[in-house]
Amino acid sequence: MNMINFQLLKRLTEAFGPSGSESEIKDLIVNDIRDHVSKLYTDSLGNLFAVKGNGGNLFICAHMDEVAFMITGYRSDGTLRFSQVGGITPKSLPSKRVYFPKLNRFGIIGAAPIHLNKNTKQELSYSDLYIDIGAFDKESAISLVPCGEVAVFDTKTEYFEQGGGIIMGKAIDDRLGCYLMCQLIKDPSIKNATFVFTVQEETGLIGAHCAPSCGNFDFGIALDVTTANDLPNISGPNTICKLRGGPVISFIDGRTLYDNEAVSEIFSVLSRLNIPCQTKAKRVGGNEAFSIQNAPSAPLSISVSVPCRYIHGPVGVLAQEDVLSTYNALIAMISHLQNKEESDA
Amino acid sequence: MFEIANLYRELTQVPYVSGKEYPYFFGKIPLPFSSLGARIDGVGNLWISKKASDPLAKNILFEAHLDEIGFCVEGVTENGFLHALPCGGFDRSILPGTEFTVHGKRKVRSIAISVPPHLSKIKDDASKKEEEGIYLDCGFASKKEAFESVSPGDSITYASDLIVQDGAFIGHGLDNKASVIALLLALEKVSSPHNLHFLFSTGEETGKRGICCADFPCKMDLAFVFDVGFGLSADLDETKCIQMGKGPSVSLTDTLSRTCEDWVIKIAQSASTPLQTVCEPGGTGTNATALQLLQGGIPTAVISLPLRYMHTASETVLEKDIFYTADLVCAIAEAEQLPQLEVSYLEHD
């Protein structure tokens, strides 16, 4: 594979799926993979299970949900009060555009303009912000946008030729993981495995907590996206990881300590095949690998994350070559893990 | 009014301080639960199940935590003052001068020490550092005299008596006895095609410990957690509060089952029983957080009863909100069509 299926990635990233309201993205994924799996179902929490062959001893997951905003109230001037779904820093939100797909309505996040804002020292919090949807009083705001409605960043996903192919869009965390899983599901070299598209990762690794109890797995891979902080004036370990450095396979992160031997082995397998990969330079972040390792069958848990800049914001920046090298790394890893099982047996 | 006040008085005969709830500590089931055929599990949770006649009936769980915040006796000073440690979250600034009941060998009335205004400029040693515990004055003259009536580990609750006024109940522990009362009222009159399980759990205020170890009688298909919500009063953030007297609320969340939450709204509408909504992105801070992850995943929603002055001696709820909550329980239990959650996409599944 030397080109990504950009149209599929575009559809996946542009789909609406905040934590707790994942049905649109789930339906999109169902339609993409239904002809390639032996079992396809959701559990009572909303996780989508896609089984290839007999499900095998390998569990792979990626989360469908994205960070977003929930409307919590109204101001008398017709603007909306809101809070975060998942973690979004309020600081740079003013002036960003949001979209309510179910209502086909746009909004702009506002705060007092800088010319008039005498208090520049205090950190902005959600109670200082509002969303302007064009209503001029509370009653019309209520009739346009009910309380509890969720809005996402208004961003269209685009591909550019520079930098070896660059993708800019929202929700790359973790629709990119979903994209990789959809492609793995269609790959004939993978015969038996259980793929789960999870819910509510951003609001507490909720979906992944119960999902691995659906089978007896020896291995689990959490496919996510991680923050590349390789920006101007940032050096050393504060870059966390680099764009175009290949998949990030951690030894340790903010939540999990990984099996040292297994991760080292994977690094040597990938190096033999000339597939670039990197590790996380700082102990930050956490993902579903944490939930997998706590599953009843205690599978060996591995985290594979694609580096992306500006995650949890309106536009993330992703390199095509990282997507391709991550896909190749996954094929190599899965083959290594599943053959190793056979040769150990 | 009579019924709710009586239930409340029955429920406060024994202390239910988080971590030393009477059923957990003494292994005995007190009234009114014993008269309803309750079962006790290993961590003191009380279970009451009402089975339907259909062997394929679904299982619905209604949960309310039984424990309330309180203190426990840590020790006694030489001069007979009790030193007590908190079990649950308190606003420390309101404690001085507040009356408490120590449930020792007998019920002992006490007052948390305070400094009178004349002397407010004198800073005692304790106020210089972050003290976790409080000192209670029971009037004992010595340590020896104190130990005749109290022992380390004894439970301490707010001493306020219940006031019933103009349709309002004012007292301590209405977080979460108000919800427990609503469930008990529903239990007596509900008639459902589904199996109903009522769980009164321990340890919520000190870490949701009872629910995590609950001994479930079977796999639950649906769960509703009943707790109290912030009743709107002056100075509070409107977006986090619900109105008094307009019925319970369902929390709209990004961490629980939005499908169940939307379903409850429809059920309340068709049963014409009042239901508010409150947005709780980021977590509800209730037993639902733990409950939904048990048994491989239970779809859960949170129902909150409006309450003012939470975690003080004068918690306030309205009688009508307790009745509306009981009506909602019946509407949920009596619904023929439960939310469709598990879906199979391929024909042969």
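Modeller: Buried means under 20% relative accessible area. Keep that in mind, and remember this is a predicted model.

Colleague: What makes A:Cys210 count as buried?

Modeller: A:Cys210 has 6% relative accessibility, and the cut-off is under 20%, so A:Cys210 counts as buried.

Colleague: And why is A:Cys210 not bonded to A:Cys214?

Modeller: A disulfide needs two cysteine sulfur atoms within 2.5 Å. The closest cysteine sulfur to that of A:Cys210 is in A:Cys214, 11 Å away, so that's too far for a bond.

Colleague: What about B:Cys241, buried or exposed?

Modeller: Buried, because its relative accessible area is 12% and the limit is under 20%. The closest cysteine sulfur to that of B:Cys241 sits in A:Cys147, 12 Å off, again too far for a bond. Over all chains, the structure holds zero disulfides.

Colleague: How do you know that S4(A) and S9(A) pair?

Modeller: Pairing takes at least two bridges, and strand S4 (residues 68–74) of chain A has two bridges to strand S9 (residues 150–153) of chain A, in the antiparallel sense. A:Phe69 has A:Ala151 as its bridge partner in S9(A). Strand S6 (residues 97–100) of chain A also pairs with S9(A), antiparallel over two bridges, with A:Tyr99 bridged to A:Val152.

Colleague: Moving to chain B, what is its secondary structure?

Modeller: Nine helices and 18 strands.

Colleague: Why is chain B called as compact as a globular protein of that length?

Modeller: Its radius of gyration is 22 Å, and the globule rule gives 20 Å for 349 residues; the two are close, so chain B earns the description. Of those 349 residues, 55% count as buried.

Terms used: Residues are numbered from 1 along each chain as its sequence is written. Chains are lettered from A and ligands numbered from 1 in the order in which they are written. This is a predicted model: local features need pLDDT of at least 70, side-chain atom pairs count only at pLDDT 80 or more; totals for chains, interfaces and linings use all residues. Side-chain values use heavy atoms; hydrogens and water are left out. Buried means under 20% relative accessible area, exposed over 50%, partly exposed in between (1.4 Å probe, protein chains only). Helices (H or I, at least four residues) and strands (E, at least two) are DSSP runs, numbered from the N terminus. The radius of gyration is taken over C-alpha atoms; the globule rule is 2.2 Å times the number of residues to the power 0.38.
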